[in-house]
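Trainee: I would like a close look at one part of this model. Which residues line the largest cavity? Please go on from there to the contacts around it.

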Amino acid sequence: MSGHQRELSVTSSKQMQQNANTAREVAGILLAQGAVSINAAQPFVYASGATGPIYCDLRLLMAHPKLRERITELLVERIRESCRVEALDVVAGVATAGIPWAAWVADKLNKPLAYVRDAPKGHGKGQQVEGGVAPGLAAIVIEDLTNQGGSALVAAAALREVGARADYCFSILTYEFPQAGEAFRTAGVKLSSLCGLSALLEEATASGRIDSEAEQAVRAWWRKGSVVAKRE
């Protein structure tokens, strides 16, 4: 191995450790504030009508200035590590939960803010992208939770439709569904999340917030979700 290769290997190792530390910290924050609930005995009903043992409401973090500032700092650090901030023109939040995080990130980076609806308005100019995003601008997409990736990818597509570049998406938490990763790769969008479901479960178990039975219930739900999506 050459000196350059060893240097790259050390850098990669340090980055992986830093990302792991970030994931544990974020998992701890989410669990402590009740932003993530796990209940295998009484599954939650999702908007789709499906049920599952885990429910996330990251909007609860908005009520805690110090914690939301810390999450914002970690998002900014990840953005700086992942792309050239000096070449970034606009920070776009996914409506609605991604908007406050995009606003706080845009403020930290001193960048313009935009947001993207799930569909064009049915009145006025019928816009889906708000904030004066012009053709040729480089945008990043901010989401709070990445499930299957649909909302974030719709936002990226809408930004591209108005002529902007949208090659990166950043979120606080991801369920790590493999089909979501594939969807982002197919769309040519690089996804980076501060915390994944695996790290969240490890922290929840280690801190005694859930027992092994609850952890296995969530993992079984995750496996089932992955298989079902692959069959559809």
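Mentor: Gln18, Asn19, Thr22, Leu74, Glu77, Arg78, Glu81 and Leu194 line the largest cavity. A cavity here is a set of points on a 1 Å grid over the protein atoms alone where a 1.4 Å probe fits but cannot get out, and a lining residue has an atom within 4 Å of a point. The model is predicted, so local features need pLDDT of at least 70 and side-chain atom pairs count only at pLDDT 80 or more, while totals for chains, interfaces and linings use all residues. Residues are numbered from 1 along each chain as its sequence is written, and side-chain values use heavy atoms, with hydrogens and water left out.

Two elements give two or more residues each to this lining: α1 (3–32) and α2 (65–82). The largest share, four residues, comes from α2. Helices (H or I, at least four residues) and strands (E, at least two) are DSSP runs, numbered from the N terminus. By class, the lining has two nonpolar, three polar and three charged residues; Ala, Val, Leu, Ile, Met, Phe, Trp, Tyr, Cys and Pro count as nonpolar, Asp, Glu, Lys and Arg as charged, and the others, Gly among them, as polar. The space in the largest cavity is about 40 Å³, a volume being the space filled by probe spheres set on grid points that are joined across faces, edges and corners. A search of the whole structure finds one cavity of 30 Å³ or more.

The helices α1 and α2 also meet through a salt bridge: Arg70 pairs with Glu25, with the closest N and O atoms 2.7 Å apart. A salt bridge is a side-chain nitrogen of Lys or Arg within 4 Å of a carboxyl oxygen of Asp or Glu. Arg70 lies in α2 and Glu25 in α1, so this contact ties together parts that are 45 residues apart in sequence. Both ends are partly exposed, Arg70 at 26% relative accessible area and Glu25 at 31%; buried means under 20%, exposed over 50%, and partly exposed in between (1.4 Å probe, protein chains only).

The structure holds ten salt bridges. Another joins Glu182 and Arg185 (3.2 Å, N to O). These two residues are three apart in helix α5 (residues 178–187), a separation of about one helical turn. Glu182 is partly exposed at 42%, whereas Arg185 counts as exposed at 57%. Back at the first pair, salt bridges that share partners join Glu25, Arg70 and Glu73 into one network. A further bridge links Glu130 and Lys121, with 3.7 Å between the closest N and O atoms. Glu130 is buried at 15%, and Lys121 is partly exposed at 27%.

One lining residue, Leu194, leads to a sheet. Six strands form this open sheet in the order β7-β6-β5-β8-β9-β10, with mixed pairing; two strands pair if DSSP finds at least two bridges between them. Its edge strands are β7 (129–130) and β10 (190–196), each of which pairs on one side only. Within the sheet, β8 (residues 138–146) and β9 (residues 165–174) pair in the parallel sense over eight bridges. Thr146 stands opposite Thr174 in β9.

Technical notes. 1 Å grid on protein atoms, 1.4 Å probe; cavity = no way out; pocket = protein on both sides within 12 Å on 5 of 7 lines; lining within 4 Å.
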